[in-house]
Amino acid sequence: FTLLGMSLSAMPISNRPIELEEEKTQSMTHSNISNLNVAGHQDDSVFSYSTISSGYHTTCVITEDARVACWGKNEQGKRGLGGGIDNSINEPYGKAGPWLVGNLSVGMVEVSTGDYSSCSLSDNGEIWCWGGGEYGQLGTGTDLCTVSGDYSCTGATNHPPQQVALPAGTSALSISDMGGGHACAILDTGDALCWGYNVNGQLGDGTVCSGGDWWQPNNNPSPAGCNAYDGRYIPVIVSKATLPSNSSFISISTGYLHTCGILDTNALYCWGNNFFGQLGFGNTTFSSTPRFVANDVVAVGAGRWHTCALDTDKSVACWGENDYGQLGIGNILDQYVPTAINLSSNISVISLEVGPHNSCIITDNFTPYCWGRNNWGQASAQQHHFHWGHDDRISPVELWHGDNQQIIPNYTGDWNNSAIAMS
């Protein structure tokens, strides 16, 4: 199976417009993995790179010369436009279109952008992050919060690309979507590494940050490595205490305050916030270490407060919050365990994407379906008129039939979805 590469033919160094060219660069999304759905593209996996990412009004891509370009909102400097610490402009005049991230070298293969920061993975296994770092989400190993006057965290926004502090002697194979204020990666050792906001144990190392007080200079966060925003700026290894011996992570996805990962046994584990049952083990108890959810899982996506998974039998189940119908089960009731979406058993799914409040799939005949929040038409291709809360899709809706085109999803966001169409 091949993935269509998109290239930016030229990046603006002034206010000149640029054109996006479509280029049929062939690259394998999976490599002879018999127990995985080889026909689809999955984010956050060691078997494929995510070369386009959208997060809270911002989109970033990997260009044909292996650099990172972003467009849209520049919240806390997550587009990497420069300007000095704390000097980010949310809506930069004349720079709405794609611009290269400054001070970032070539050789980038994967990108992820979130609410306040962005990260990219290089071909030599380094991770570089930029933008806001008040939650420790840049993972530099150094607290970017500084004390100034009555505040214990200033100077933490609009940072240029910084290298994430990986454990000595390791390199990264994959980075997760940014989620809210935390991020994760899979190392060449098979371990999962996480950093950033940790108020609910979403980093999975068995700790919870507390005691931070960003508006008081005498704040006292704990344990060591936590900061004034209760985030961890030193990346930590996800605990193996509850995992089978000699297992490795092959996929990891970060939600707003929770995280889920798949092992090489295709077992799914989740950890962190569980207020809506989004961890999937039958109750609303939080967990700061991985808890077993299900077997036979090949892809997982963590949304704002819900989670969905694709199984080896090409079926999809979702669980957690369901206010917008984002579970796709035909109602708006929260679910504490994996619950099959309302889709015919005769339809086989090969790819899954999960956004903050909606979800999308691709079937084996390359037909896309979406469901969940639809206030801007993001879960339906039908003509849409804005009606807040009245147009949500509680069951999967076919967007268009894919017989003549192969459709690969790239990202499902809170306000929009994107996909690559292959003729």
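**Entry 1: Cys119 and its partner**

I looked up Cys119 and found that Cys119 is buried, because its relative accessible area is 2%, where buried means under 20% relative accessible area, exposed over 50% and partly exposed in between, with a 1.4 Å probe and protein chains only. The model is a predicted one, so I kept to its thresholds: local features need pLDDT of at least 70, side-chain atom pairs count only at pLDDT 80 or more, and totals for chains, interfaces and linings use all residues. Residues are numbered from 1 along each chain as its sequence is written, and side-chain values use heavy atoms, with hydrogens and water left out.

I then asked which residue is joined to Cys119 by a disulfide. The partner is Cys129, with an S to S distance of 2.0 Å, which falls under the rule that a disulfide is a pair of cysteine sulfur atoms within 2.5 Å. For the chemistry I noted that a disulfide is a covalent bond between the sulfur atoms of two cysteines. The link of Cys119 and Cys129 is right-handed, with 105° about the S-S bond. Cys119 sits in strand S8 (residues 117-122) and Cys129 in strand S9 (residues 127-131), 10 residues apart; strands here are DSSP runs of E with at least two residues, helices are runs of H or I with at least four, and both are numbered from the N terminus. Cys129 also counts as buried, because its relative accessibility is 0%.

**Entry 2: other disulfides**

How many disulfides does the rule give? I get a count of eight, and I followed up two others.

Cys184 and Cys194 form one of them, with their sulfur atoms 2.1 Å apart. The link of Cys184 and Cys194 is right-handed, with 105° about the S-S bond. Because Cys184 lies in strand S14 (residues 182-187) and Cys194 in strand S15 (residues 192-197), the pair ties together parts that are 10 residues apart in sequence. Cys184 is buried at a relative accessible area of 1%, and Cys194 is buried at 0%.

Cys209 and Cys226 form another, again with the sulfur atoms 2.1 Å apart. Is this link left-handed or right-handed? The torsion about the S-S bond of Cys209 and Cys226 is about -70°, so I recorded the disulfide as left-handed. Cys209 and Cys226 each lie in the loop between S15 and strand S16 (231-237), so the pair ties together parts that are 17 residues apart in sequence. Cys209 counts as buried at 1% relative accessibility, and Cys226 is buried with a relative accessible area of 6%.

**Entry 3: strand S7 and its hairpin**

I went back to S8 to see how it pairs. S7 and S8 pair in the antiparallel sense over five bridges, where two strands pair if DSSP finds at least two bridges between them. S7 and S8 form a hairpin with three residues between them, and Met108 stands opposite Ser122 in S8. Strand S7 (residues 108-113) is mostly covered, with six of its six residues buried.

**Entry 4: aromatic rings**

A search of the whole structure returned 10 aromatic pairs, counting rings of Phe, Tyr and Trp (its six-membered ring) with centres within 6.5 Å, where planes under 30 degrees apart count as stacked, over 60 as edge-to-face and the rest as tilted. The rings of Tyr151 and Trp214 have their centres 5.7 Å apart and their planes at 15°, so I entered the pair as stacked. Tyr151 belongs to strand S11 (residues 151-154) and Trp214 to the loop between S15 and S16, 63 residues apart. Tyr151 is partly exposed at a relative accessible area of 40%, and Trp214 is partly exposed at 32%. Trp214 and Tyr229 form a stacked aromatic pair as well, at 5.9 Å centre to centre and 15° between the planes. Ring pairs link Tyr135, Tyr151, Tyr197, Trp214, Trp215 and Tyr229 into a cluster.

**Entry 5: Ser45**

I found Ser45 in the loop between strand S2 (20-22) and strand S3 (52-54), and Ser45 is buried, with a relative accessible area of 6%. A polar atom of the Ser45 side chain lies 3.0 Å from the backbone nitrogen of Phe47. Leaving out residues up to four places away in sequence, Ser45 touches Ser174, Ile250 and Ser251, a contact being heavy atoms within 4.5 Å.

**Entry 6: the chain as a whole**

I closed with the totals: the chain has zero helices and 30 strands, and buried residues make up 58% of its 423 residues.

Key: A polar contact is a pair of N or O atoms within 3.5 Å; within protein, one must be able to donate a hydrogen and the other to accept it, and residues adjacent in sequence count only if both atoms are side-chain atoms.
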